[in-house]
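Biologist: I'm new to this structure and would rather understand one part properly than skim the whole thing. Please pick a part, take a close look at it, and explain how it sits in the rest.

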Amino acid sequence: MSVHTQGPLKEILGIPETLILHTLIPIGYPDDSVTLPKGGWREPLEKLVHQDWYEMEKHLDNRQILERLAKLRTSTKGLYKPMVK
């Protein structure tokens with residue numbers, strides 16, 4: 001993300017100045033003909049994705065992010081094959 005595009009995007013989306021934009025990922029509706037893999041663990045997108053502007057109630061501080069990642073790791077640990085033997 002370019003430094004020059006952050007200001008206007010932050011203003012349009014209502015993102016606080018203290019945050020730095022790294023990546024924006026546009027998300028659309030899935031193709032109904034594609035079968036998604038079963039299993040795994042997902043939080044509802046509504047809990048994670050900001051739509052149209054930055055929703056402060058979804059903001060997580062560093063501690064909350066680490067706690068969420070630790071919870072995710074413990075709940076998915078047995079579902080995936082290790083990449084390195």
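Modeller: I'll start with the whole chain, settle on one loop, and finish with what lies around it.

This is a predicted model, so to speak of local features I need a pLDDT of at least 70, and for side-chain atom pairs 80 or more, while totals for chains, interfaces and linings use all residues. Residues are numbered from 1 along each chain as its sequence is written, and side-chain values use heavy atoms, with hydrogens and water left out.

First, the overall picture. The chain has 3 helices and 0 strands (helices are DSSP runs of H or I with at least four residues, strands are E runs of at least two, and both are numbered from the N terminus). Read in order, that gives the pattern α-α-α. The average pLDDT, the predictor's confidence in each residue from 0 to 100, is 75 for the chain, and 64% of the residues score at least 70. Among the elements, H2 has the highest mean at 83 and H3 the lowest at 78. A word of caution: where pLDDT is low, the coordinates shouldn't be read in detail.

Of the 85 residues, 11% count as buried, where buried means under 20% relative accessible area, exposed means over 50%, and partly exposed is in between (1.4 Å probe, protein chains only).

Now for the part I'd pick: the loop between H2 and H3, with lysine 58 as our guide. Lysine 58 lies in that loop, and it counts as buried because its relative accessible area is 19%. What does its side chain pair with? It meets the side chain of glutamate 55 in a salt bridge, at 3.3 Å from N to O. By salt bridge I mean a side-chain nitrogen of Lys or Arg within 4 Å of a carboxyl oxygen of Asp or Glu. Glutamate 55 is buried as well, just like lysine 58. In general, side chains of opposite charge can pair when their charged atoms come close.

Lysine 58 has another partner too. A polar atom of its side chain lies 2.7 Å from the backbone oxygen of glutamate 46. That is a polar contact, meaning a pair of N or O atoms within 3.5 Å; within protein, one must be able to donate a hydrogen and the other to accept it, and residues adjacent in sequence count only if both atoms are side-chain atoms. Setting aside neighbours within four places in sequence, lysine 58 is in contact (heavy atoms within 4.5 Å) with Glu46, Lys47, Val49 and His50.

Stay in the loop and look at aspartate 52, which also sits between H2 (45-48) and H3. Its phi is positive, about 75°, although it isn't a glycine. Most residues other than glycine have a negative phi. Aspartate 52 counts as exposed because its relative accessibility is 61%.

Methionine 56 belongs to this loop as well, and at 48% relative accessibility it is partly exposed. Its C-alpha is separated by 8.9 Å from that of proline 16, although the two are 40 residues apart along the chain.

Val49, which we met as a contact of lysine 58, leads to another loop. Isoleucine 27 and valine 49 are 22 residues apart in sequence and 9.2 Å apart in space, C-alpha to C-alpha. Isoleucine 27 is found in the loop between H1 and H2, and with a relative accessible area of 55% it is exposed.

Finally, follow the chain into H3. The count of salt bridges comes to 2, and one of them joins the side chains of glutamate 67 and arginine 63, at 2.9 Å from N to O. Both lie in H3, 4 residues apart, about one turn of the helix. Glutamate 67 is partly exposed at 44%, and so is arginine 63 at 47%. Leucine 69 is in H3 too (residues 62-76), and it counts as partly exposed because its relative accessibility is 48%.
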